[in-house]
Amino acid sequence: MAGRINDDDVKAVRDAVPIDSVVSEYLQLRNAGGGNLKGLCPFHDEKSPSFQVSPSKGLFHCFGCQEGGDTIAFVMKIDHLSFSETVERLAAKAGITLRYEEGGYNPGHQRGERIRLIEAHKIAAEFYVAQLDSPEAEIGRKFLAERGFDQAAAEHFGVGYSPAGWDHLTRFLRGKGFSDKELIVSGLSQEGRRGPIDRFRGRLMWPIRDVGGEIVGFGARRLREDDNGPKYLNTPETPVYKKSQVLYGVDLAKKEIAKTSRAVVVEGYTDVMACHLAGVTTAIATCGTAFGGDHIKILRRLLMDNGSARVIFTFDGDAAGQKAALRAFEDDQKFAAETYIAIAPDGMDPCELRLAKGDDAVADLVEPRTPLFEFALRQIVNRYDLDTPAGRAAALDEAAPVVAKIKNVASQHEVAVQLAGLVGILDTQFVVRRVAQIARWQRGGGKEQGGPQRGDGRQQRAYGEVQAPSGPAGPALNLRSPAHRTERELLKLALQYPALVSPAFDAYGTDEFTAPPYAAVRQCVQDAGGADGAPADYLDAVREAAPNDTVRALVTELAVETIFAKTIDEVYAGAQLVQVRLRAVDRRIRDVQGSLARLGAHGDDERLAAVQNELWVLTQYGQSLRNHGAAAL
């Protein structure tokens, strides 16, 4: 058995590897003050960071789950390693040669299982890369070239080739001292009739790395017609590879994801390559499985759940891609980030799009397009005949429970209003009440049968007599709703830089602010005389106009909160004005379309003509806003 690691060497490893550099490989850390750093704890789910790291002390501690310790303790827990395995791994990172109390230096066969399996994968990856230059691998090089990937791209992503013979890699690894048992356990080999044979044969190989950058498995692409295996064959579940807990490309993308609070989820290895080569270096992909809860945990630790975090899914436009998007939406609420879906024209994936239209097209594709919830709802309601009452009722029956799963009450309310427009139901409050009722029923385990939410009336009165939809008592700072975030920005501008939004802002009605608290603040500005020509005591007047302390506190909060713009000028102010107005116009268009659907072919001709005229006017105005921006206000 392996000897005990020398105590001085253990101390040297602790001193040589900074704890913040190790922890940063798994989650995003930010300044917590006093020389400490903070992040979302990797050992339990949390929405606000309670995990702190002290670089000067070499310690970490979570104030939520109470996990704590030094660098070695962190790696042991997060990667499920033994003490000796962890020290060996960190020693290799620091270039320290360990001494053992029994038997001198540690030979390879004495190392822990995980260390051995990781080493086998590293050597296998080098073997596959070398084989890509062989004459046999011409078919693999051609595959890459046809998809726009040159030799430099292959090297960057570590792409290799597995020979078509039965046991080339198996014999190679045996020669490196690995046992047949280790090769089987690693998933690199499998049982044959006469002993272990290679699992991957005659395929293009992508190494799959964990967040820490270590190779834990492979994805293998079929190249030949006589290969009867699946198109993509991945490493089976092993002690180091769990397909639901790895994201291809995360090792390359993690720093940019943490830096930009943005992640792009694509469907395959070539899509990740295409995105990164096109400059979208936040792209990652799942490995032969649906995007799920464990993948979300990885991304949340990198995104830090801040209010500006965005996750963009780029599923194919076919039925399978739409199904994948709906599955992703089921997990949407586990994010504290805004989620979007982007589908390329003609249903092309990022790899195909890059070939057809170049890098710029890929970069443009992943700019946020359609909110994931909106896409998911459209997929549901489009299956029904919305021209009939029965069709609209059936669409609502299927879609309402989906909306009811949205945990943030303000977001749930807004999506319910949009659902009414999508279905064509003019009475939006009916849909809102229906969704809220289902949400209460779901929270009660199916026992609660409805009735108004307790406190709804009190909450509405807390913001004064404002004609706005019922909603939460106050806005969360990390609202997931893009509309609420834009409304908040516009109100901050109106309070902090009233001249930038004047005179247009004073023409905005309270009904253009979908969050009741924001509608209340808008009313305060109006009651104080408006933003145009604001006097020196403007803010005092707005605060005095507040109907109660709750609204007054929100006015103060918005008056001091940072505005999220590099340059605060008329261009930025105009963009916020346009977005709030455009969303209000779009909401009204959906309402009017619902009226048209309800009037049908047998409606009153005069009423039908009036509704059609209103729809035409609104559509023209919306188009003008999109084309001309603030000039159309």
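**Exercise 1. Decide what keeps C275 out of a disulfide in this predicted model, and state whether C275 is buried or exposed.**

Solution.
Step 1. Set the criterion: a disulfide is a pair of cysteine sulfur atoms within 2.5 Å.
Step 2. Find the closest cysteine sulfur to that of C275. It belongs to C351, at 9.4 Å, which is too far for a bond.
Step 3. Check burial. Buried means under 20% relative accessible area, exposed over 50%, and partly exposed in between, with a 1.4 Å probe and protein chains only. C275 has a relative accessible area of 0%, so C275 is buried.

Ground rules for what follows. Residues are numbered from 1 along each chain as its sequence is written, and side-chain values use heavy atoms, with hydrogens and water left out. In this predicted model, local features need pLDDT of at least 70 and side-chain atom pairs count only at pLDDT 80 or more, while totals for chains, interfaces and linings use all residues.

**Exercise 2. Treat C41 in the way used for C275, then give the number of disulfides in the structure.**

Solution.
Step 1. The closest cysteine sulfur to that of C41 is in C62. The separation is 3.6 Å, too far for a bond.
Step 2. C41 has 4% relative accessibility, so C41 counts as buried.
Step 3. The structure holds 0 disulfides.

**Exercise 3. Place S50 in the fold and list its contacts.**

Solution.
Step 1. Helices (H or I, at least four residues) and strands (E, at least two) are DSSP runs, numbered from the N terminus. S50 lies in the loop joining strand 2 (36-39) and strand 3 (51-54).
Step 2. S50 counts as buried because its relative accessibility is 15%.
Step 3. Contact means heavy atoms within 4.5 Å. Leaving aside residues up to four places away in sequence, S50 touches G39, H44, H61, C62, F63 and G64.

**Exercise 4. Identify the main nonpolar cores.**

Solution.
Step 1. A nonpolar core is a set of buried Ala, Val, Leu, Ile, Met, Phe, Trp, Tyr and Cys residues joined through side-chain atoms within 4.5 Å.
Step 2. The largest has 47 residues. Those with the most contacts inside this core are V23, F51, V53, F74, I257, I284 and L299.
Step 3. Helix 12 (residues 293-303) gives the most to this core, with 5 residues.
Step 4. A second, separate core has 44 residues, including L204, V246, C275 and A285.

**Exercise 5. Describe the length, bend and buried residues of helix 17.**

Solution.
Step 1. The expected span of a helix is 1.5 Å times one less than its number of residues. Helix 17 (residues 389-404) has 16 residues. From first C-alpha to last it reaches 22 Å, close to the 22 Å expected.
Step 2. The bend at a residue is the angle between axes fitted to the seven residues ending there and the seven starting there. Helix 17 has a kink of about 30 degrees at E398, shortly before the proline P401.
Step 3. Its buried residues are G391, R392, A395, L396, A399, A400, V402, V403 and A404.

**Exercise 6. Locate the backbone features at S261 and P503.**

Solution.
Step 1. S261 is not glycine, yet its phi is positive, near 55 degrees. S261 sits in the loop between helix 10 (250-260) and strand 12 (262-266). With 6% relative accessibility, S261 counts as buried.
Step 2. The peptide bond from S502 to P503 is cis, with omega near 0 degrees. P503 is in the loop between helix 22 (498-501) and helix 23 (516-527).
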